Amino acid sequence: MTSQEHADHTRQAEITALRRQLGSRVTILGHHYQRDEVIVHADHRGDSLELSRLAAEATSPYIVFCGVYFMAETAAVLCQPDQVVVQPVREALCPMARMVDRPTLSEAWDQLAAMWDGDLLPITYQNATAEVKAFVGEHGGAVCTSSNAGALFRWALERKSHLLFVPDQHLGTNTALAMGIPLGRIGKWTLDMADDPSPLRDKQVVVWPGFCYVHAVMSPDDVRSARERYPSAQVIVHPECRKEVVQLADSSGSTAAIIKWVNAAQAGATFVIGTEVHLVRRLAQEHPDKTIVPLRDQQCEAMSRTTSEALRAALESIVAGRPEHVVTLDAETIAGARLALERMLEAH
């Protein structure tokens, strides 16, 4: 055993001992995109929707959220006031979530709502800050994840004729297209429309110009190359990919859906999967009887920031009675964001 392997083994044993010491006082939640060295310690792993439910149901005094910051914020919104949410690495910030803020969203909302005489509802992707979720909740809207975006789009369009979706343009476009909304009825907000939103007047769905760099970089050429290399493969991609990629794939779906498809496949099946590579590699390890390869070897740097060292430090701080990196939100933000999140959980 090398010195590095010995250090890794020692650290993992220390985390196990800390968890044993804390017992039911802590719940560790881990997103599927986390490193293997971290996800192995999670009490529950899941995508954004599943982890939102688990955060709302957790009864332990401490919730350690291994993911990115908007996810830990969601846990802080949904948990009880006396529970403490700890994020091991506060710098693990989702770039997409930072592509929309409340002031800019408010400006767009005012312009579009005025143009359509208030006939408009907002939907925000889970990948957004708590302040954006709060704005959406205060204006009658809801949160969605990639698992339930279609259900929340239908929910919104049953109530109003127009929908503003933030921040992921690709998930918004792909969801609207899957519902049968023509491309010509889908528009993209741009900052230069702040003074004149009229180019969007005939649109039914307006999407924000945000994106996930992990998924948006995947291209039609990647799909064509994969089919040449693996002719019998099923190509499955995340709906945060561009519409041209989704249209060339055999299927698109959330991380939970991708896992379900792989689990249900017979031995010998081949999958090319277009999503974050930590998940793809883990699926390959868990299904040695199947061929599972990434569409592109692309990892989320924000998710990768959480290491076993950071998890150990978070647990040590709780054991010491001085939890570090506690996620705190003001009461007004919690109230508005909770409205949007509860509508999501009820509508789904």
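**Figure 1. Burial and overall dimensions of the chain in the predicted model.** Of the 348 residues of the chain, 55% count as buried. The chain contains 16 helices and 13 strands. Its C-alpha trace spans about 65 × 55 × 30 Å along the principal axes. A compact globule of 348 residues would have a radius of gyration near 20 Å, and the value for the chain, 21 Å, agrees with this. Among contacts between residues at least 6 apart in sequence, 66% join residues at least 24 apart.

**Figure 2. Strand E1 and its two neighbours, E2 and E3.** Strand E1 covers residues 26–31, and six of its six residues are buried, so the strand is largely enclosed by the rest of the structure. In a regular strand, side chains alternate between the two faces of the sheet. On one side of E1 lie Val-26, Ile-28 and Gly-30, and on the other Thr-27, Leu-29 and His-31; both faces are covered. E1 runs parallel to strand E3 (residues 62–66), to which five bridges join it. Within this pairing, Ile-28 stands opposite Val-64. Strand E2 (residues 44–46) also runs parallel to E1, with three bridges between them. Here Gly-30 of E1 stands opposite Arg-45.

**Figure 3. The largest cavity and its lining.** Rolling a probe the size of a water molecule over the atoms shows where empty space is left. A search of the whole structure finds one cavity of 30 Å³ or more. The volume of the largest cavity is about 290 Å³. It is lined by 26 residues, of which Tyr-33, Met-71, Asn-127, Glu-240 and Met-303 are the closest to its centre. Helix H3 (48–57), helix H4 (69–78) and helix H9 (213–216) are the elements that give two or more residues to this lining. H9 gives the most, with three residues. By class, the cavity lining divides into 15 nonpolar, nine polar and two charged residues.

**Figure 4. The largest pocket and the helices that line it.** The volume of the largest pocket is about 250 Å³. Its lining is made of 18 residues, and the closest to the centre are Asn-174, Thr-175, Ala-178, Pro-239 and Ser-252. At least two lining residues come from each of helix H7 (149–157), helix H8 (169–178) and helix H11 (243–248). The most come from H8, which supplies five residues. In this lining, 10 residues are polar, seven are nonpolar and one is charged.

**Figure 5. Helix H7 and the elements that cover its buried residues.** An α-helix has 3.6 residues a turn, so residues three or four places apart point the same way. The buried residues of H7 are Ala-149, Leu-152, Phe-153, Trp-155, Ala-156 and Leu-157. Strands are among the elements that cover these residues, including E5 (121–125), E6 (142–144), E7 (163–166) and E9 (205–207). The cover also includes H8 and helix H16 (331–347). H7 and H8 appear in the previous figure as well, where each supplies at least two residues of the lining of the largest pocket.

Technical notes:
Residues numbered from 1 in each chain as written. Predicted model: local features only at pLDDT ≥ 70, side-chain atom pairs only at ≥ 80, totals over all residues. Heavy atoms only, no water. 1 Å grid on protein atoms, 1.4 Å probe; cavity = no way out; pocket = protein on both sides within 12 Å on 5 of 7 lines; lining within 4 Å. Points joined across faces, edges and corners; volume = space filled by probe spheres on them. Helix = DSSP H or I, 4+ residues; strand = E, 2+ residues; numbered from the N terminus. Nonpolar A, V, L, I, M, F, W, Y, C, P; charged D, E, K, R; others polar. Buried < 20%, exposed > 50% of the residue type's maximum accessible area, 1.4 Å probe, protein only. Pairing = 2+ DSSP bridges. Rg over C-alpha atoms; globule rule 2.2 N^0.38 Å. Contact = heavy atoms within 4.5 Å.
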